[in-house]
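Here is a guided walk through a structure, with attention to how its copies are arranged and where they touch. Keep the sequence and the 3D view side by side.

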Number of protein chains: 4
Amino acid sequence: MVVVLKPNTKQEQIENLKAWLESMDIATHISQGLNHTIIGLVGDTSAVDMDLIRALDIVENVQRIQEPFKNANRKFHNQDLVVDVGGVKIGGGNFQIIAGPCSVESEEQVCYIAECVKKSGAGLLRGGAFKPRTSPYSFQGLQGDGLKLLLEAKEKTGLPIVSEIMNALHIPMFADVDVIQVGARNMQNFELLKELGKLQKPILLKRGLANTIDELLMSAEYIMAGGNENVILCERGIRTFETRTRNTLDLSAIPVLKKLTHLPIIVDPSHAMGYSHLVKPMAMAATVAGADGLMIEVHNNPAKALCDGPQSLTPEAFDDVAKQIFKLRPFACTYNED
Amino acid sequence: MVVVLKPNTKQEQIENLKAWLESMDIATHISQGLNHTIIGLVGDTSAVDMDLIRALDIVENVQRIQEPFKNANRKFHNQDLVVDVGGVKIGGGNFQIIAGPCSVESEEQVCYIAECVKKSGAGLLRGGAFKPRTSPYSFQGLQGDGLKLLLEAKEKTGLPIVSEIMNALHIPMFADVDVIQVGARNMQNFELLKELGKLQKPILLKRGLANTIDELLMSAEYIMAGGNENVILCERGIRTFETRTRNTLDLSAIPVLKKLTHLPIIVDPSHAMGYSHLVKPMAMAATVAGADGLMIEVHNNPAKALCDGPQSLTPEAFDDVAKQIFKLRPFACTYNED
Amino acid sequence: MVVVLKPNTKQEQIENLKAWLESMDIATHISQGLNHTIIGLVGDTSAVDMDLIRALDIVENVQRIQEPFKNANRKFHNQDLVVDVGGVKIGGGNFQIIAGPCSVESEEQVCYIAECVKKSGAGLLRGGAFKPRTSPYSFQGLQGDGLKLLLEAKEKTGLPIVSEIMNALHIPMFADVDVIQVGARNMQNFELLKELGKLQKPILLKRGLANTIDELLMSAEYIMAGGNENVILCERGIRTFETRTRNTLDLSAIPVLKKLTHLPIIVDPSHAMGYSHLVKPMAMAATVAGADGLMIEVHNNPAKALCDGPQSLTPEAFDDVAKQIFKLRPFACTYNED
Amino acid sequence: MVVVLKPNTKQEQIENLKAWLESMDIATHISQGLNHTIIGLVGDTSAVDMDLIRALDIVENVQRIQEPFKNANRKFHNQDLVVDVGGVKIGGGNFQIIAGPCSVESEEQVCYIAECVKKSGAGLLRGGAFKPRTSPYSFQGLQGDGLKLLLEAKEKTGLPIVSEIMNALHIPMFADVDVIQVGARNMQNFELLKELGKLQKPILLKRGLANTIDELLMSAEYIMAGGNENVILCERGIRTFETRTRNTLDLSAIPVLKKLTHLPIIVDPSHAMGYSHLVKPMAMAATVAGADGLMIEVHNNPAKALCDGPQSLTPEAFDDVAKQIFKLRPFACTYNED
């Protein structure tokens, strides 16, 4: 961390600041420029509150040089992390499509979709049992029963399952779920992250709607600091002023994250776009940009059946997307080659 | 809700959609325009998923006419809600300043600040015991001990206390806390909201960094749907591209919310701005715009002491702000007068 | 356009509104729902000011059904537009890479880069002569001399040239420039757009930093309404809260625009990202998502030479990107197939 | 400017960078930290391209210490600028309300409104003659005729007039206009700014929808660098994800700008909000936050007449707002007192 002091800062104030920093086990390296004094902070500055220092009235500006994340930092983990989900691998060159219904509705539905997506090449089955809904009056998911239905589909198809958790108290119910998902709205639910850090199960961590890439990594750090290093990051769109899509999918998060971290990065174009006809191009784009996987919603619901159309991501449409994705995989960007 | 169908939608498709809507207890009113068929949905549409309908391939557009919130809706609650916190009232013409340290650090600190802010006219004491921090390596608050210190300050000064909860499991620890705060990052932690809905204690609900005003009301609705109608809303800045302030304080949320809801609305300029010299003008602005209260951080920490300056919101600076606020109160905008 | 009136609107007010709309040659179709009266506006509503109607106190909500753009509307132009730049075609299945230096600096520089990018497969040469700079103290480009250098490079290589205009008065200087570019900051410089609408030269119109896709199309409409139908749209990143990239590249603009308009859409990953090592993955992603072309900056400048590194988009790096792009082209998403 | 180099940068690379910087008349001050080398740039760095330096592969980070604006910089102009518009003063303790119709429509309309707003205490009359409209099919203003009508209203009432320019070629038509306004969409139309810099007439510069406060100051700098120091800044809302208001009014721009610049700052709540019932609270808030003036739209149009309601900012509603504003002025925040 580099702290630039204002011109005319008094020697006594500098000494005070130095003493305070040193009381936090931060060594300092002072260099006197022509107008400004610059203090370099040496040591582990990840616990130093930048905002607090910036707010000091003798401070002109503060700049972090070292990233405040360690466990998730590529610099200390040269090798890509490969997350192994019962033999299905994600990361380090291993690519997976996670597919399934938004909400688990019935045994018939989830098993049918599971078999379809497996046939099309999906490596994992997703399905929502606990649903974070903006309205308390909307369907909140089948909850525990939904998890049971997912487990049946897992048994029938052999596909490992991914499902979202919303409450640390539910962890025991997720004992047989292969990958626990943390949704965008809970990305900074630090209490939940801490509990998940105590497990050894892979965690799929979605980026929040208004969260920076650095904050996503800090949330991964929460899980990893607890001892669980199996974190999969997921870009799912951020909130902007554009209204033609539900959110704005930030595909540049892929190369940016690949440089900063060794964790696998997957992309969820379904939630980002909100319209099924936009899923295919974005899934293809994410693939060549070097994502380690995709998360795609496959519907099979009555409403769709009523009004069925070429735009719906039915099992058939998903099969088409998957075919394209597998064709493109050999051409995808790779990182960390040296 | 008004659903506009695409031109060339077949009669059979319209019938199917109508049947499906009616299966959800939604009556329909169809009107045939020159090019477009318009379906009016009649009944309680708050559980209808707009996104699902919009995604149907025969649908051109959907528009909600009635707000999807009921308990928090001004239309059904003509009278402003007055939240009574042990005799200290907020809303319906009652204005309060909630002040105190960001983090509770020691008995001395919190009691000193409590006495200062009380003298300056604050009606409630705030203090963070559980701290949501971006980094797992940052100080996470004194937690249970912090709450005890706050309670001591309450005993000494008589000020009711406000403190943030991050985990529903901690609710028993908040038994003597007068107002439970839900922070911006937990605004859509629906599981936490549901638990708080079972209490009768006032909840101070902060707007999330990337959340719309409507989403804030839907989160209030989660609490109220559970039976707890004592919700105080708090605007604390939203995330934008501007970097000169930590967040962008959206003061227009005050008049917008005043029209939509009968719940009290307070403003937290300290977190929104991130720089203490910006707190005073924003506190003054919020007051005349008609806020029902303010939440202001009063520091007394070593770093400040080191580098003390005219810009810090020390107890003295707070006293100056409070004086201005009380002068301005008689001129503040009022709403719902008729 | 559908106007939903508030409950309790009086018949007289409805008649007044109807009369006013009809005075603007808008026919109306009134349908009376259970609670709300809905007025359908029939005819050419592209000149109707939605905001004005929404602000009327008897109006609950307004919704546009028809897009307010006509010349740029896919609905009236089933065939993709193919822009022909002296034999080099863009759109309708024709893909081009536009490459060259950010700023034209010298004959040697621009000719060297032009030859390099031509060899790598670029179809057009870009180069900035007039530079829109945030600071008046930054280099503003070689201006007229820069255009001359570009024309020399065109003569030597045969590549058509693209350069940015900032002032309608400069149009005569662009007589031999093949494609005139309108930069993001001038996307809503309507006076400039009107002047460009009088030309027959292709216009490359960049999306503004904070402009929606609909506004981009309305700006294209300004040019086309004047008679110049040769507009190429360009996505170049929008402004969000993320700071790891200069802007957030919104690749979903490609499929969204493909549905709304017949105009070609290209992507500029260089300006969006701000870091050369992010250009390749984003260029690849844009290609498979179905862009009609790419605009890529190729540097050859002293600073780079000084510190040259694997991350710089030197002519060699560009050659690598171009090779990948051409490999991916056969797999790209296509639209408007039926 | 402080440039932090990556660890392991070679001495030769440092020397190269140093030489290149010095070739631009920038002296350097190198200080060797434990891990990082830091180069301080000494001299006038306002022309140095930060982005270029940041993109060099030996550079970890760059930080500007001095603001890149000079003429608009408070540091070099201790005294508040007072803009004198024919005796009507703005800034340095002088507060003005600029009021009038969005568009000039007729002599009757503009003169009637002018007289009303004068009576209510407005110091200047605003009126749009050239209208920047998203759609080419919307009314573009009365243009030259509109300016003439404004001048008639000026003659009748004595109020100086403010009107928006969209094209440098129109400058001669603005010869008798007292204050020339640059709209949000033209804030970075640098060619227009340069031309306005050659005049001595006051320029009212509105902040762009997606522009930072620093960019607003750099645009002011464009005008001032040309010799015209009479710039009035105007906050009019920025674009965010919130849809309940047209834009999000960033009132914190007032205290932020007051610290950075000596130029007057006014606020336009009408355009920011888009709904007249939100104007009053925001106008009041802006006043106490220390704005040097307000710009408020006063309507008198047929549509309003049709549907007249308590929410419209008719001349009567404006009179009420103005009364509140003048009551609040004595309590407004002041800056630069020492």
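Start with the symmetry. A turn of 180° and a shift of 0.0 Å along the axis lay chain A on chain B with an RMSD of 0.1 Å. That superposition is by least squares on the C-alpha atoms of residues with pLDDT of at least 70 in both copies. The two copies are thus related as by a two-fold rotation axis. In chain A, the residue that comes closest to this axis is Ala210(A), its C-alpha at 2.7 Å.

This is a predicted model: local features need pLDDT of at least 70, side-chain atom pairs count only at pLDDT 80 or more, and totals for chains, interfaces and linings use all residues. Residues are numbered from 1 along each chain as its sequence is written, while chains are lettered from A and ligands numbered from 1 in the order in which they are written.

Now the contact. Chain A brings 46 residues and chain B brings 46 residues; two residues are in contact if their C-beta atoms, placed from the backbone, lie within 7 Å. On chain A, α1 (11–23), α2 (50–54), α5 (190–196), α6 (213–225) and α10 (302–307) each supply at least two residues of the side that touches chain B. Helices are DSSP runs (H or I, at least four residues), numbered from the N terminus. α6(A) gives the most to that side, with 5 residues. By class, the side of chain A that touches chain B holds 23 nonpolar, 15 polar and 8 charged residues. Here Ala, Val, Leu, Ile, Met, Phe, Trp, Tyr, Cys and Pro count as nonpolar, Asp, Glu, Lys and Arg as charged, and the others, Gly among them, as polar. Of the interface residues of chain A, 100% are also interface residues in chain B, so the copies meet through the same surface.
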